[in-house]
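User: I would like a close look at a single part of this model. Please take me through one helix and what comes after it.

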Amino acid sequence: MIALLLALQIGTAAAPIPTFIVVRDGGAATSVPVTISGGEPSVRADVLLKAMHGMLITGTNLHYTLVLSRARLDLIDGIPFAKLDTMTVPLTRAPQVRGGQLYLPFQFVTEVIPRYGGYVYDVAQAELRTSASRVDAPAPARAPANSTAVASATGTSRAPATSATAPVPATPARTPVPVRRLPRKLVVIDAGHGGPDTGMRGPIGSPIWFVEKDVTLSVSTKLGTVLRARGFDVLMTRTTDTLIALSDRGRIANANHGDVFISIHCNAPGYNTAAGARERGFETYFLAEAKTEDERRVQDMENESVKFETGANAPKGDPLSFIITDMAQNEHLRESSDLAETIQTGLIDVHPGPNRGVQQANFAVLRGSYMPAVLVEIGFGSNQSEATYLTDQSNQRALARNIAESVVSYLAHYESRVGGQR
Ligand SMILES: [Zn+2]
């Protein structure tokens, strides 16, 4: 009742807001309730997507992806922008999670989906339909009030409906392309730091003899050798002691259409104390907002390299551009986290240090790479025994072989999962 009153009040300002809309997709017609919250109409994303035979993907860190047969839209809870490929679509209001469900502003029904999803919104009929829809297909009975429609939609949304969960092809059927050999997979290997940016130096409590940039280059080179021997193409972001801007590392990977991006680094604690000197172990990061104090420390340390960069290479501080880049990377978040898990688990077999687990942080170096991307902290150069371990050539080869095997098995698994399509 209250909802109906609100709907009527809004209706006086512009076109009336219906209590529900009908989505007509091919021969099927489904009703989707319109809910009013804070005086603003919205629709539940999962219910709408199901009616459109699309899919709602829930990512990490409040990220969502709406998968329609003709478009993919990336969203962040509370951010009034959507991202479509490289395009940013401003929204009148931000999508919002309420009661564990993502709600889309009504603008999605009237504008966003019609414009980008290949639908037409008929205001008079409160109907969202594909241009190919048969208009004579029977519409579901008009519900008299919001409550009925909400109940039916809630009921169906709980059922494990195949239509809503089945993958939808990203593009419509095309004419078959002549068969050609699949290109070899390209692994981009990024040796952390370089040139004036030495990275961390150690160990703590002794004259400095461990320099991160040298160890990362040595391990990265060995990793490249193993992967080439296993039949992969390898691209090194640097092969000598040079400074490569963080943003360029990702750009190099993108320009060459890398399949996987691996950045190799060595760790150090945030404090030069006896306790800090005892820190040991290995951890693998994938890109996301840093969550813990420790993750934030490593993030800040690795992002420090930016201060060695100047001019055009320096990342811009524009928060919007950050969000957009972040969203472009989000597509690969799940894959990046899988790759991180595979590498981290593999290292348990060879590394003497404790397993510090898979972590997430917002690394500038990972941010610019639009492919599954991870950063491996192969150990603490600040710890005397681990620094000794990391500088030993045969240990470096063992680490390289181990990481390479993880990449091979990750790519094989990924290949089988997507049926060889890229
Ligand atoms: Zn580093």
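Analyst: Here is a walk along helix H7 and the loop that follows. The model is predicted, so local features need pLDDT of at least 70, side-chain atom pairs count only at pLDDT 80 or more, and totals for chains, interfaces and linings use all residues. Residues are numbered from 1 along each chain as its sequence is written, and side-chain values use heavy atoms, with hydrogens and water left out.

Start with H7, residues 246–255. Helices (H or I, at least four residues) and strands (E, at least two) are DSSP runs, numbered from the N terminus. Seven of the 10 residues of H7 are buried, so the rest of the structure largely encloses it. Buried means under 20% relative accessible area, with a 1.4 Å probe and protein chains only. The buried set is Leu 246, Ser 247, Asp 248, Arg 249, Gly 250, Ala 253 and Asn 254.

What do the buried residues of H7 pack against? Their partners are strand E13 (186–191), strand E17, helix H9 (293–303) and helix H12 (364–367). Contact here means heavy atoms within 4.5 Å.

Now leave the helix. Just after H7, His 257 has a positive phi of about 55°. Next comes Asp 259, in the loop between H7 and strand E17 (260–267). Asp 259 counts as buried because its relative accessibility is 13%. A polar atom of its side chain lies 2.7 Å from the backbone nitrogen of Leu 186. A polar contact is a pair of N or O atoms within 3.5 Å; within protein, one must be able to donate a hydrogen and the other to accept it, and residues adjacent in sequence count only if both atoms are side-chain atoms.

Definitions and conventions
Buried < 20%, exposed > 50% of the residue type's maximum accessible area, 1.4 Å probe, protein only.
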